[in-house]
Amino acid sequence: MTGELSPIDKAKFVAAKRAAEMVEDGMRVGLGTGSTAAWLVRCLGEMVSRDGLKITAVPTSSRTAALARDVGINVVSLDEAKWLDMTIDGADEFDADLNLIKGGGGAHLQEKIVATASDQMVVIADASKSVERLGAFPLPVEVLPFGWQSSQALIEETLVSMDVMGRTTTLRMNGDAPFVTDEGNYILDLHLKRIGNARQLALVLNQIPGVIENGLFIDICDTVVIGYGDGRVEVRDINEGTVEKDRLDFAETDNLFTDLTD
Ligand SMILES: O=C[C@H](O)[C@H](O)[C@H](O)COP(=O)(O)O
């Protein structure tokens, strides 16, 4: 029962459930990665099996693909789908302009490709992801394993030249070995504290040899659905501002997803 969920899980769940309502029959939908996106996949799976919703989905990671198949969603590659009506994904941070940091789960490369191949990107997040200025969450940068230390040195030089507050970078680990992305690359996490000019940093980082993609999503997200621990949901649109506030009818919900793990 959702009543047994922690407030943070309930917040993620209600955001995902509200976003799932935006999906219409026949849509081609990009499915994000992470604990919040996993709730969405479960919600959509329920709508497919219970209500006969017909969608074609493009997952943004092997984890999401496995979960989507598991819950009965029709999964295709992005090249098969070609273009998507909507992508729904989580985020590690979002600011007032709906710019994002993503990649906490190391999936931001596929996520950015899928989101930018979509008419609309909807982010689902609990309220703790809302920030005034991006950067408290370490910025993930996917790098080629070949010469990754040279790429790291160049990234650190770039941070100094841009006068960024924090300049520490760390190789993401998975136990004793480097964390490896779905594409076989490494992740460097940039501990910046506060990013002054996120737009410029996003462009500059991607110029560095060996850098595949950074986790800044600038001007990509259209809508954020924010969930709260008491079941409230808020919807913010990039053009119209807050379009829905304090909706509480998600407070008591179905007996769904008790065993969700990500
Ligand atoms: O690489 C992972 C993704 O960008 C996630 O969407 C992001 O880290 C948010 O994940 P979660 O919903 O688990 O906080």
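Two residues are in contact if their C-beta atoms, placed from the backbone, lie within 7 Å.

The model is predicted, so local features need pLDDT of at least 70 and side-chain atom pairs count only at pLDDT 80 or more, whereas totals for chains, interfaces and linings use all residues. Residues are numbered from 1 along each chain as its sequence is written.

**Exercise 1. Describe the overall fold of the protein by its contacts, extent and burial.**

Step 1. Of the contacts between residues at least 6 apart in sequence, 72% join residues at least 24 apart.

Step 2. The C-alpha atoms fill a box of roughly 55 × 35 × 35 Å along the principal axes.

Step 3. Taking a residue as buried if 20 or more other C-beta atoms, placed from the backbone, lie within 10 Å of its own, one finds that buried residues make up 47% of the 262 residues.

Step 4. With helices (H or I, at least four residues) and strands (E, at least two) taken as DSSP runs numbered from the N terminus, the protein has 7 helices and 17 strands.

**Exercise 2. Work out the strand order of the open sheet of 8 strands, and say which strands stand at its edges.**

Step 1. Counting two strands as paired if DSSP finds at least two bridges between them, the order is β3-β2-β1-β4-β7-β15-β16-β17, with mixed pairing.

Step 2. The edge strands are β3 (74-75) and β17 (241-247), each of which has a single partner strand, so one side of each lacks a neighbour in the sheet.

Step 3. Helix α3 (residues 62-70) packs on this sheet, where α3 touches β1 (28-31), β2 (56-59) and β3. Using lines fitted to C-alpha atoms, for helices over the stretch in contact, and angles from 0 to 180 degrees between N-to-C directions, the direction of α3 makes about 150° with that of β2.

Step 4. Strands β15 (residues 223-227) and β16 (residues 233-237) run antiparallel and are joined by 5 bridges; within this pair, Gly 227 has Val 233 of β16 as its bridge partner.

**Exercise 3. Check the length of helix α2, and describe its surroundings.**

Step 1. The expected span is 1.5 Å times one less than the number of residues, so the 17 residues of α2 (residues 35-51) should span 24 Å, which agrees with end C-alpha atoms 24 Å apart.

Step 2. The buried residues of α2 include Trp 39, Leu 40, Val 41 and Met 47, and their cover includes α1 (7-20), β1, α3, β4 (84-89) and β7 (118-126).

Step 3. Just after α2, Gly 52 takes a positive phi of about 75°.

Step 4. α2 gives the most to the shell around the ligand, with 3 residues.

Technical notes: Buried ≥ 20, exposed ≤ 12 C-beta atoms within 10 Å, placed from the backbone.
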